[in-house]
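Here are some short exercises to work through with the structure open beside you. Try each task before you read its solution.

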There are 2 protein chains.
Amino acid sequence: MRPVIRSVRLGLVLFSAMQAAIVHGETVPADAHAIATRGLPPSVVACQACHGPDGEGNLPAGFPRLAGLGRSYLAEQLAAFASAKRQSPVMQPIAAAMSTQQQTVMAGYYAAMASPPQRVVVVVDPAPAQAGAWLAARGRWSADIPACSQCHGAQGLGVGDSFPPLAGQPAAYIVAQLQSWKHGTRPPGPQSLMSAIAAKLSEQDVNAVADYYAGVPAAAVGPAASTPRTTSASAFEPPPETAMPAGEFGKIVSQGEQIFLHTRQNAGAYVGNTLDCAGCHLDAGRRAGSAPMWGAYVSYPAFRSKDGAVSTFAARMQGCFLYSMNGKAPPLGDPALVALESYAYWLAKGAPVGTKMEGAGYPKLPTPALAADFTRGRHVYDARCALCHGPRGQGQVSGGQPAFPPLWGPQSFNWGAGMHQVGNAAGFIKANMPLSQGDSLSDQEAWDVALFMDSQERPQDPRFADSVEATRKKFHDSPDSMYGRVVDGHLLGSGRP
Amino acid sequence: MRPVIRSVRLGLVLFSAMQAAIVHGETVPADAHAIATRGLPPSVVACQACHGPDGEGNLPAGFPRLAGLGRSYLAEQLAAFASAKRQSPVMQPIAAAMSTQQQTVMAGYYAAMASPPQRVVVVVDPAPAQAGAWLAARGRWSADIPACSQCHGAQGLGVGDSFPPLAGQPAAYIVAQLQSWKHGTRPPGPQSLMSAIAAKLSEQDVNAVADYYAGVPAAAVGPAASTPRTTSASAFEPPPETAMPAGEFGKIVSQGEQIFLHTRQNAGAYVGNTLDCAGCHLDAGRRAGSAPMWGAYVSYPAFRSKDGAVSTFAARMQGCFLYSMNGKAPPLGDPALVALESYAYWLAKGAPVGTKMEGAGYPKLPTPALAADFTRGRHVYDARCALCHGPRGQGQVSGGQPAFPPLWGPQSFNWGAGMHQVGNAAGFIKANMPLSQGDSLSDQEAWDVALFMDSQERPQDPRFADSVEATRKKFHDSPDSMYGRVVDGHLLGSGRP
């Protein structure tokens, strides 16, 4: 069943430049359309000369699409061109000749345009040999390279204002941008994410991923050479994706992987929110320090005080669905559980049964010097987390599909999930957040922001009994849980968020 | 919950010597009672002088009980004393002075007596530190020493004619016999079982097991030093019994072990015959080449063509109950399955997940030079197997409990069990049979006797569909299965055995 390559014609509505001008007649100064179509002689050529009348770009020439990109993103780029922080012999004199006001107006003009219709090659289940598609969909976590899709959306359509679309952009443009970040001729971008990632990409990687997003059919180049992992070098190595078993068993392992990556799509009956397993278990459950499946698999059956009983691995996964996915437990023996267990078993190939493996679970942080603090946590959140997870923890969407996971609110994990415990969350955040920048927060910052996240309202604990107070007493009698505590005058757990 | 030491007063009926004489007035020549009570002057002293009026023996003096022992066993001992093959300064002249006829009569006289009431210390769940009880109940398979109870019955009450009781015999007597076998002053016994086993016991072992069966309270001597395994030295070593985990998890692991050892007693709702898991998985599921649990645990989930699906370890165990135990599958999540899975997980501690381990499963024998043959198999069976499993494969009972497992018939595994496949059975037999004498049969003998065993009637395949022919076609279409074939004019699978 893999790889499946689907050609998707995006059902986007074609707006003409005329319509755009009309739609925005009230808010866009009248000269925006004039600048786009005629320029500001003598220095500013008409934008459409290169970027097309619909802002669609010029694929053969390598000029990027502007239509539908984030307003602030476009404004920042014009400012960066003008100051030559983003180096471009073409754009520098154009941007420099525009006033700040004109830059802002043009950013709004193109942001308001819908993307033109385009063909995007979407590889749903790429094989490792499809190097570009694989980097796009899975990244290379052994080198701390997240999947492009984790920030730019599953189909590369872009997410919010800060993560521009990649799908359909000219390959030459994407290559040039990645090279710019590598060589410091483009500002590092929010949280320096792109400069850090570009530095880790080989020439081959850059070309492959650019070709992929440009819709160029992938050449069979084989998987990129493995880059040594920068952290946790001594951790267990699960089998590479290329070692996926064949035959009937491989089919089930592969199904398990797909459920793990796209949980709602493939096991929707048991999922009550928009999270995926891979949201907390990074790199498809492979990554040390991110509760990897190989570490979990060899740790069960085990007695859990939460259950008051010995839980098998299958029973443990039932808990994930009930709490972390805010859904319901698949019955034991359900094909989804069997597939997930098979996938975890395969990832654990060669791992010693019954041992506490290095990198299993989340790291346990030492108690912080200062008690974790809500207000300090909010500052950390705003500075380091909101970019992706949104200002209110609601996550972000791309192409109608969840892109960044909601951290609280109705689409997040519920009050029974392990991540609602401040210590768990602090360990996860410290090791893994911001995405691909693990260990960049101090322990104190990790504790503070974990407390902030876990002091927000989220779906009720399914074990709810009588009252918040009684439920806290029965299931949350721990300093690690904020359930039943009053924060900012709100009793946590008291209401639908 | 372990160890539990129970003092059991055996509810046996006290027969007086008088009653015995009356009971056997018809069949026992009149002089038996006279010889027992008055002897045959001048050489034969009255038997009861040493062995007591009820044949109960003399514990302080070290004279063994004779009442209730096997008739042929007693006759053989008298003959061996007379010829000095079994050396005894006391018994040699007595036995030599008796005619063969008188020996036979006296053997029958004492065999017909019921055992006198006695206290036997039965340690149901011994701890490894209880050295004698442990040897009695579990043996030391690392040195190919089976448990005493495997041949002499769970309570040491003896099994059939050939395996005399040990419980309540004087410690000095048991010690002297084991020493005799060690030093060759007693015939090696059937299949040389006891001479081989005694040779492997240390002085400490001999004393501990003798004290145990004599009912002497066990001294805490600690487990015997580990003896190097004579075979499969490179196989995986599961954790020693002394490493049994503590706490709630250990409790479940221990329950799993008890189910494994005493399946009907502890999971009776799912068992339809008198087998135990440990009957085919020797040494409580630890032994390499005997489908050890550690080898199985790391091999699941796996695709099984038998199921047409991927089976988890729990699902695989459901099959054991349905087929090998001729019972019904416990539902997934049943405490019995969770306990068994926990026990297997613990035995596999440190074993690499997803690997084919040396010693896993049963060995696969090469195809024999001659096609396996029923008649040759019968000869092997009669010579090497019937002693324990009975002349008709029905097994043997001790104290009302199964002692040796039935190999066919209504109390054995059914036509769906893996052991009904000739190749499986041949591999198991070659590696493990006769008990503690693995690798003593030739490959050809193993194939022949496996074919003989698997050409006997046994409970129906629970997947039975319409007819034997249809069922063979659907589930038994393999040269390895005798189901649906005609042997000795009988269509196998056609009727209740």
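**Exercise 1.** Find the residue just after α4(A) that takes a positive phi, and describe the helix before it.

*Solution.* Keep in mind that this is a predicted model. Step one: just past the end of α4(A) sits Ala84(A), with a positive phi of about 65°. Step two: go back along the helix. α4(A) covers residues 71-82, which makes 12 residues, and its first and last C-alpha atoms are 17 Å apart, close to the expected 16 Å. Step three: look for what is hidden. Buried residues here are Leu74(A), Glu76(A), Gln77(A), Leu78(A), Phe81(A) and Ala82(A). Step four: ask what covers them. Part of the cover comes from α5 (91-96) and α6 (100-111) of chain A.

**Exercise 2.** Now take α11 (residues 203-214) of chain B: how many of its residues are buried, and what do they pack against?

*Solution.* Start with the span: α11(B) has 12 residues and reaches 16 Å from first C-alpha to last, close to the 16 Å expected at 1.5 Å a residue. Next comes the burial count, which is 10 of the 12, so the helix is mostly covered. Among the buried ones are Asp205(B), Asn207(B), Asp211(B), Tyr212(B) and Tyr213(B). Their packing partners are α7 (131-138) and α9 (171-183) of chain B. Finally, step off the end of the helix: Gly215(B) follows, and its phi is positive, near 85°.

**Exercise 3.** Ala291(A) and Asp466(A) both have a positive phi without being glycines. Work out for each one where it lies and whether it counts as buried or exposed.

*Solution.* Take Ala291(A) to begin with: phi is about 50°. Ala291(A) belongs to the loop between α15 (282-285) and α16 (293-297) of chain A. Now count neighbours: there are 24 C-beta atoms inside 10 Å, so Ala291(A) is buried. The cut-off for that label is 20 or more.

Then Asp466(A), where phi is about 70°. Asp466(A) is in the loop between α21 and α22 (468-475) of chain A. Its count is 9 C-beta neighbours inside 10 Å, so Asp466(A) is exposed; the cut-off here is 12 or fewer.

**Exercise 4.** Track down two cis peptide bonds, one involving Pro434(A) and one involving Pro42(B), and place each proline in its loop.

*Solution.* In chain A, the cis bond joins Met433(A) to Pro434(A), with omega about -15°. Pro434(A) falls in the loop between α20 (422-432) and α21 (443-453). In chain B, the cis bond links Pro41(B) and Pro42(B), and omega is about 10°. For Pro42(B), the loop is the one between α2 (31-38) and α3 (47-51).

**Exercise 5.** Describe the hairpin of β5(A) and β6(A).

*Solution.* First the pairing: β5 (residues 396-398) and β6 (residues 401-404) of chain A run antiparallel and are joined by three bridges. One of the partnerships puts Gln396(A) with Phe404(A). Then the turn: two residues lie between the strands, and Gly399(A) has a positive phi near 55°.

**Exercise 6.** Which residues touch the most other members of the largest nonpolar core?

*Solution.* That core has 168 residues, and the answer is Ala450(A) and Ala450(B). To see some of the company, skip sequence neighbours within four places: Ala450(B) is then in contact with Ala372(B), Val422(B), Ala425(B), Ala426(B) and Ile429(B).

**Exercise 7.** How do chains A and B meet, and how are the copies related?

*Solution.* Count the contacts: 28 residues of chain B meet 28 residues of chain A. On the chain B side, α12 (247-261), β3 (302-304), α17 (313-324) and α18 (335-347) each supply at least two residues. The largest share, five residues, comes from α18(B). By type, this side of chain B has 18 nonpolar, seven polar and three charged residues.

Now for the symmetry. A turn of 180° and a shift of 0.1 Å along the axis lay chain B on chain A with an RMSD of 0.1 Å. The copies are therefore related as by a two-fold rotation axis. In chain B, Pro352(B) has the C-alpha nearest that axis, 2.2 Å away. Both copies use the same surface, with 100% of chain B's contact residues recurring in chain A.

Methods
Residues numbered from 1 in each chain as written. Chains lettered and ligands numbered in written order. Predicted model: local features only at pLDDT ≥ 70, side-chain atom pairs only at ≥ 80, totals over all residues. Contact = placed C-beta atoms within 7 Å. Helix = DSSP H or I, 4+ residues; strand = E, 2+ residues; numbered from the N terminus. Nonpolar A, V, L, I, M, F, W, Y, C, P; charged D, E, K, R; others polar. Least-squares fit on C-alpha atoms with pLDDT ≥ 70 in both. Pairing = 2+ DSSP bridges. Core = buried A, V, L, I, M, F, W, Y, C linked by C-beta atoms within 7 Å. Expected span 1.5 Å × (residues − 1).
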